[in-house]
Amino acid sequence: MNSEEEFYDAVTGFESDDSETRMGPMVSGDSLSFSNKNGSNTSVQNVHNREPTQENGIKKHRTALPAPMFSRNQLSLWSILKKCIGLELSKITMPILFNEPLSFLQRITEYMEHTYLIHKASMLSDSIERLQTVAAFAVSAVASQWERTGKPFNPLLGETYELRRDDLGFRLISEQVSHHPPISAFYSEGINKDFVFHGSIYPKLKFWGKSVEAEPRGTITLELKKHNEAYSWTNPSCCVHNVIIGKLWIEQYGTVEIVNHSTGEKCLLHFKPCGLFGKELHRVEGYIQDKSKRKVCVIYGKWTECLWCVDTNTYETYKKNDKKGGDQKKFKEIVDMFQPEDDVRADNDEADEMPEIQETVQVIPGSKLLWRIAARPSYSSQMYNFTNFAMMLNELDEEMKSVLAPTDCRFRPDIRAMENGNMDFAGAEKERLEEKQRAARKDRSRNEEEWRTRWFRQDINQHTRTTDWIYTGKYWERNYEDCPDIY
């Protein structure tokens, strides 16, 4: 019995060896409903799907998808990808099995999962401590990508997404403002007006034979209103390995520079590449410098686990002592390299082996914890490795239908169908939407019409002095009269 069958049995109580009973689940109220072979529906209380209603009236969100993910093992990836080596994937129509049931606009929204760090930074009186906390937020913003090997759907031109989370203290609006190149603009603000978080993202995806690389372009800006401060940074690069053969795994790498434009203080974070023996996998290390470029503290950890900070002197002393004790260990590792191994993989020359490094972060005495990743649901691997936050991003109830913009990606039929496990219909709808978008572009070209964005305008970011997409401030007025018909 495979893991998908075990998940199915655990949720429904049915035996999964009879394929006729596996017609796909549907969400109904607080339960998952499955059609069995005699045509009737059986509903079971799903402890994962809904949490008890809170007495304070805050809306509770779903914690599971309507259906488990579809197996990607049924597709010959090489037959498709061999034609794409060295090309930018945003210009290539990919099979829906490569996707996860979220739009890229919803994936951007996952930056907000750890919004509590922004609120915390806003309440701190010391600028260095604020920068430490902002750095933790920047790292946490990419943590949801861990083991997320599915590709989000490319947003259609004019597509939008909004999210308001009173429990987390923010609301967000995003819009696909350009199709070629694909640019997604977003704007989030604290419900108590304590912060503004905005940016425009232009991810450039390339396939390199055994891996897919995502190079982030565009700048992210965070403003803390209480302190009249603005911070900006760019996310690290991301690479998904073994897209053809072997186990898929992800690494983030590159240098992230977080600048406090008000004080001149900076944080430099190095997302380290895996390295030869895998010991640098997921590691983040860097430091904060004051406006005179003096290092005041060191930040270290893993973007998949946690982030710590410690004063510079303590860090340097620890590293010196650690190096003395590590010389003999290093020699042993070199010797072990040349020892024969019985379990060498037959396809070792065809796959980028994911290092089996189980070591957690070695905490230096005197360090302060800045952030720790939240645990994922036990069934996450059956639901595209989504976090609890990601699980609720595409939920849609009757109340939401009456207030959302018609361009909101919750209304996209291809994503909705994939989420519900209807892969054939999802693929057909994806193709239909893409063709509709191409036809609309041809009509505009024929009529010499320029595309007009609704909620963002291209202008200069006053903090970075670079071209950016700036929020117009009008979305929450909810005037949707001129919204395009994109679905």
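The backbone oxygen of F456 lies 2.5 Å from a polar atom in the side chain of T453. Let us start from that small detail of this predicted model and see what surrounds it. T453 sits in the loop between helix 10 (423–446) and strand 21 (456–460). Is T453 buried or exposed? Its relative accessible area is 17%, and buried means under 20%, so T453 counts as buried.

Which residues does T453 touch, once those up to four places away in sequence are set aside? They are E175, V177 and W469. Take V177 as an example of how folding brings parts of a chain together: V177 and T453 are 276 residues apart in sequence, yet their C-alpha atoms are 5.9 Å apart in space.

Now step back to view the whole chain. It has 487 residues, and buried residues make up 51% of them. Along the chain you can find 10 helices and 22 strands. Among contacts with a separation of 6 or more, 58% are between residues 24 or more positions apart. The chain exposes about 24,200 Å², and carbon and sulfur atoms supply 50% of that area.

For another example of a long-range pairing, look at F153 in strand 5 (residues 151–153). With a relative accessibility of 1%, F153 counts as buried. Leaving aside neighbours within four places in sequence, F153 is in contact with I96, N99, E100, P101, L102, S103, F104, R412, D414, I415, M418 and K430. You can also compare positions by C-alpha atoms: F153 and C409 are 256 residues apart in sequence and 9.9 Å apart in space.

Next, find helix 4, which covers residues 116–123. Its buried residues are L117, I118, H119, A121 and S122. What do these buried residues pack against? Their partners are helix 5 (127–143), strand 9 (195–201), strand 12 (220–224) and strand 20 (368–372).

Helix 5 deserves a second look. The axes of helix 4 and helix 5 come within 9 Å and cross at roughly 170°. Angles over 145 degrees count as roughly antiparallel, so that is how these two helices are arranged with respect to each other. On the helix 4 side, the contact is made by L117, I118, K120 and A121. On the helix 5 side, R130, T133, V134, A136, F137 and S140 take part.

Let us move on to helix 6 (residues 312–337), where T312 is found. T312 is buried, with a relative accessible area of 14%. What lies around the polar part of its side chain? A polar atom there is 3.4 Å from the backbone oxygen of K295, and a polar atom of the same T312 side chain is 3.3 Å from the backbone nitrogen of C297. Apart from neighbours within four places in sequence, T312 is in contact with K295, V296, C297 and V298.

C297 leads us to the cysteines. How many disulfides are there? The count comes to zero. C297 is in no disulfide, and the nearest cysteine sulfur, that of C309, is 5.5 Å away. A disulfide calls for sulfur atoms within 2.5 Å, so this pair does not qualify. C297 is buried, with a relative accessible area of 5%. Another cysteine, C274, counts as buried at 8% relative accessibility.

Finally, let us visit some details of the backbone. Most residues other than glycine have a negative phi, and most peptide bonds are trans. With that in mind, look at H282, which is not a glycine but has a positive phi of about 70°. H282 is in the loop between strand 16 (266–271) and strand 17 (283–289), and its relative accessible area of 9% makes it buried.

E448 is not a glycine either, and its phi is positive, at about 55°. You will find E448 in the loop between helix 10 and strand 21, the loop that also holds T453. Is E448 buried or exposed? E448 is exposed, with a relative accessible area of 75%.

One more backbone detail remains, this time in a peptide bond. H180 and P181 are joined by a cis peptide bond, with omega at about 0°. P181 belongs to the loop between strand 7 (170–178) and strand 8 (183–190).

Terms used
Residues numbered from 1 in each chain as written. Predicted model: local features only at pLDDT ≥ 70, side-chain atom pairs only at ≥ 80, totals over all residues. Heavy atoms only, no water. Helix = DSSP H or I, 4+ residues; strand = E, 2+ residues; numbered from the N terminus. Buried < 20%, exposed > 50% of the residue type's maximum accessible area, 1.4 Å probe, protein only. Contact = heavy atoms within 4.5 Å. Areas by Shrake-Rupley, 256 points an atom, 1.4 Å probe, with all protein chains shown as cover. Polar contact = N/O pair within 3.5 Å; in protein donor to acceptor, adjacent residues only side chain to side chain. Axes fitted to C-alpha atoms, helices over the stretch in contact; angles between N-to-C directions. Parallel < 35°, antiparallel > 145°, perpendicular 65-115°, else oblique.
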